[in-house]
Amino acid sequence: MKKLAFVFILAAGILWGSMGLFVRRLNSMGLASMDIVALRAAVTFVVLLLYMVLFRRKLLKIRLRDLWCFLGTGICSIVFFNLCYFKAITLTSLSVAAVLLYTAPVIVMVLSYFLFRERLTGRKILALIMTAAGCVLVTGVLSEADRISWTGLLTGLGAGLGYALYSIFGRYALERGYHSLTITFYTFFIAAAVSLLLSNGPRVATVVFQSAGMLAFSCVFGILCTVVPYLIYTIGLKYTENSKASIIASIEPVTATVLGVAVFHERITLAEIAGIALVISALAVCSRPDMPSGAVKIQGGEKEHVPDHEYTEI
């Protein structure tokens, strides 16, 4: 499973990047941004509830003293991130909001350094710079002529913080022994409860239940863009440092750009192509191990030989 961690996180980013295909359809049906957030969270909660009640009932148990971890992933991350991101979109352009959102890897790297003692290696910093530059080019923000207001800047950075906090609170939950299914379930149970209060519930229900086809579309949206990516990202996070995971997941805007060109025939510039190349190169940097085969781990002041599959950073 450890060897698949990179693939899981990469796949999660790709699935998140495909969300625009569903969001455009739902927008055209009259749903507002927060309505879509509520729909995603509700579908995820219902699907996971049915599965866990039928097959993994034991995973529904949590300790009350650990509830703060799930409040963190559900409210501080999912709800707060979406509120800030959608507000930033209304205050700035879509490309500017996307760039501000992808300050998340920087935030994760800094927080993980202080909270989890993750090292700031040269390779991580290089990958981070490449990812940031690539996201700027992919979103086309350099061609934006409008100045950003302080409100737009702060809400955009708030979206980046909220996005980053899933890795942080998710890591705390993992360290307390919770399964990825448990973390995802309670994250979206809490997120659904809060976002439904902030959305237009009757409007969401009217759109979703207008036909069997629309109900199926909504379920596929929730499963493909939320249930599966959050599950596999959380699994990958168990075997990957937070800082690396956040950089790998930055494949999301690249995926969105590629799908925009392929599906909606959107125009792509040379700068965007260069940005895609930078992000993919950063992923290649992240995929390499931090220590050579048969490295030495220092533990308790003595050197210890570490097998290839068990090495860690010194």
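Which backbone oxygen lies 2.9 Å from a polar atom of the side chain of T184? In this predicted model, the oxygen in question belongs to S180. The residue on the other side of the pair, T184, is part of helix α9, which spans residues 180–198.

The surroundings of T184 can be described further. Its relative accessible area is 0%, and T184 is therefore classed as buried, the limit for that class being under 20%. Leaving aside residues up to four places away in sequence, T184 touches L48, Y166, Y230, L231 and T234. Several of these names return in the helix contacts described next.

Two packed helices are described by the angle between their axes and the distance between the axes. For α9 and α11, the axes come within 9 Å and cross at roughly 130°. The two helices are therefore oblique to each other, and their crossing is right-handed. On the α9 side the contact is made by S180, L181, I183, T184 and F188, and on the α11 side by T226, Y230, L231, T234 and I235. By class, these residues comprise six nonpolar, four polar and no charged. Both S180 and T184 thus belong to this contact.

Helix α11, residues 212–238, also meets helix α8, residues 150–175; here the axes come within 10 Å and cross at roughly 65°. The pair α8 and α11 is therefore roughly perpendicular, and α8 passes α11 in a right-handed crossing. The contributing residues are Y166, S167, G170, R171 and L174 from α8, together with Y230, Y233, T234, L237 and K238 from α11. This contact has five nonpolar, three polar and two charged residues. Y230 and T234 take part in the contact of α11 with α8, and they also appear in the contact of α9 with α11. Y166 of α8, listed in the α8 contact, is among the residues that T184 touches.

A residue outside these helices deserves separate mention. R117 lies in the loop between α6 (104–115) and α7 (122–139). Most residues other than glycine have a negative phi. R117, although not a glycine, has a positive phi of about 60°. With a relative accessible area of 70%, R117 is exposed, whereas T184 is buried.

The protein chain as a whole provides the setting for these details. Its secondary structure comes to 14 helices and two strands. Of its 314 residues, 49% are buried. Among contacts in the chain with a separation of 6 or more, 83% are between residues 24 or more positions apart.

Definitions and conventions
Residues numbered from 1 in each chain as written. Predicted model: local features only at pLDDT ≥ 70, side-chain atom pairs only at ≥ 80, totals over all residues. Heavy atoms only, no water. Helix = DSSP H or I, 4+ residues; strand = E, 2+ residues; numbered from the N terminus. Buried < 20%, exposed > 50% of the residue type's maximum accessible area, 1.4 Å probe, protein only. Polar contact = N/O pair within 3.5 Å; in protein donor to acceptor, adjacent residues only side chain to side chain. Contact = heavy atoms within 4.5 Å. Axes fitted to C-alpha atoms, helices over the stretch in contact; angles between N-to-C directions. Parallel < 35°, antiparallel > 145°, perpendicular 65-115°, else oblique. Left-handed = near helix turned anticlockwise from the far one by under 90°. Nonpolar A, V, L, I, M, F, W, Y, C, P; charged D, E, K, R; others polar.
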